[in-house]
Amino acid sequence: MKSDLFASENVARQAEAPGMSLQNSKCVKYAVNGEMHARQGSMIAFRGNLQFERKGQGIGGMLKRAVTGEGLPLMAVRGQGEAWFAHEAQNCFVVELEPGDALTVNGRNVLCFDATLSYEIRTVKGAGMVGGGLFNSVFTGSGKLALVCDGSPVVIPVGQHQPVYVDTDAVVGWSAHLATSLHRAQSFGSMIRGGSGEAVQMMLQGDGFVVVRPSELTAQPAQG
């Protein structure tokens, strides 16, 4: 049988080493030898001897779900084999964290990660009750983390004397040591006249970076 479908870049090859890699721009492949963690419902295929088990979110995760309706619903994948992960054909990116690194990520952008990484759902200081800026997941340790983004992300450097202001519905993540606070970009008079639609942003200060996607958050179907 002949077809462009069978082009070499589309064919899944046997993994040469355990761990995470990009299958293509929309999909992450993970060669499991032990345990890893992934977003619930993100597995699109697997082969080998693997078991999938729902992973509890802990008290912080349950609080986040109660307040925002979101959360970081995870599953543990255990055994030996290969699994492929994707989410709504969004672009996938693999981030490798080293000891001392800390990355704050919005839960909706997490796809899968090594079990060697630690994560904690924290309140975003100074962000208040706005958009996606109330709770985020902070990843630390040594290992790889796969993120998804609706469109091509924009990575913006943040400097001590050059803060960056982001829409909380568009932010993907940022350097965890950056300071966060609320910022109002329009005058009271503008708000009275109906506003610009960009009333409040999150300000990030310090040395690091912030990642935003080229669209604001759209309404998501309710999860059962």
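The paragraphs below walk through this predicted model, from its overall make-up to its strands, surface and salt bridges.

Let's begin with the whole protein. It has 224 residues, and 41% of them are buried. Its secondary structure consists of 2 helices and 16 strands. If you take the contacts in the protein with a separation of 6 or more, 77% of them are between residues 24 or more positions apart. The accessible surface adds up to about 12100 Å², and carbon and sulfur atoms contribute 54% of that area.

With that overview in hand, turn to one of the sheets. Strands of a sheet are held to one another by backbone hydrogen bonds, in either a parallel or an antiparallel arrangement. Here, 3 strands make an open sheet in the order S12-S15-S14, with antiparallel pairing. Strand S12 (164–166) and strand S14 (179–184) are the edge strands, each pairing on one side only. From one strand to the next, the twist averages 35°. To see the pairing up close, look at S12 and strand S15 (residues 200–205), which run antiparallel to each other over 3 bridges. Tyr165 is a handy place to start, as its bridge partner in S15 is Met203.

Next, have a look at the surface. Met1, Leu5 and Phe6 make up a nonpolar surface patch of about 420 Å². Leu5 belongs to the segment before strand S1 (19–24). Why is Leu5 counted as exposed? Its relative accessibility is 56%, and the label applies because exposed means over 50%.

Now for the charged side chains. How many salt bridges does a search of the whole structure find? The search finds 5. One of them joins Glu82 and Lys29, whose closest N and O atoms are 3.1 Å apart. Glu82 sits in strand S4 (residues 74–85) and Lys29 in strand S2 (residues 27–39), so this salt bridge ties together parts that are 53 residues apart in sequence. Are these two residues buried or exposed? Glu82 counts as buried because its relative accessibility is 4%, and Lys29 also counts as buried, at 7%.

Strands S2 and S4 come up again with Glu35 and Arg78. These residues form a salt bridge in which the closest N and O atoms are 3.3 Å apart. This pair links distant parts of the chain as well, with Glu35 in strand S2 and Arg78 in strand S4, 43 residues apart. Glu35 has a relative accessibility of 34%, so it counts as partly exposed. Arg78 is partly exposed too, with a relative accessible area of 31%.

A further salt bridge brings together the side chains of Glu120 and Arg122, at 3.2 Å from N to O. Glu120 is partly exposed at 44% relative accessibility, and Arg122 is partly exposed with a relative accessible area of 39%. Finally, go back to Glu82 and Lys29 and add Arg47 to the picture: salt bridges that share partners join Lys29, Arg47 and Glu82 into one network. Within that network, both Glu82 and Lys29 are buried.

Key. Residues numbered from 1 in each chain as written. Predicted model: local features only at pLDDT ≥ 70, side-chain atom pairs only at ≥ 80, totals over all residues. Heavy atoms only, no water. Helix = DSSP H or I, 4+ residues; strand = E, 2+ residues; numbered from the N terminus. Buried < 20%, exposed > 50% of the residue type's maximum accessible area, 1.4 Å probe, protein only. Contact = heavy atoms within 4.5 Å. Areas by Shrake-Rupley, 256 points an atom, 1.4 Å probe, with all protein chains shown as cover. Pairing = 2+ DSSP bridges. Axes fitted to C-alpha atoms, helices over the stretch in contact; angles between N-to-C directions. Patch = residues over 30% accessible without salt bridge, like charges linked within 9 Å, V, L, I, M, F, W, Y side chains within 5 Å. Salt bridge = Lys/Arg side-chain N within 4 Å of Asp/Glu carboxyl O.
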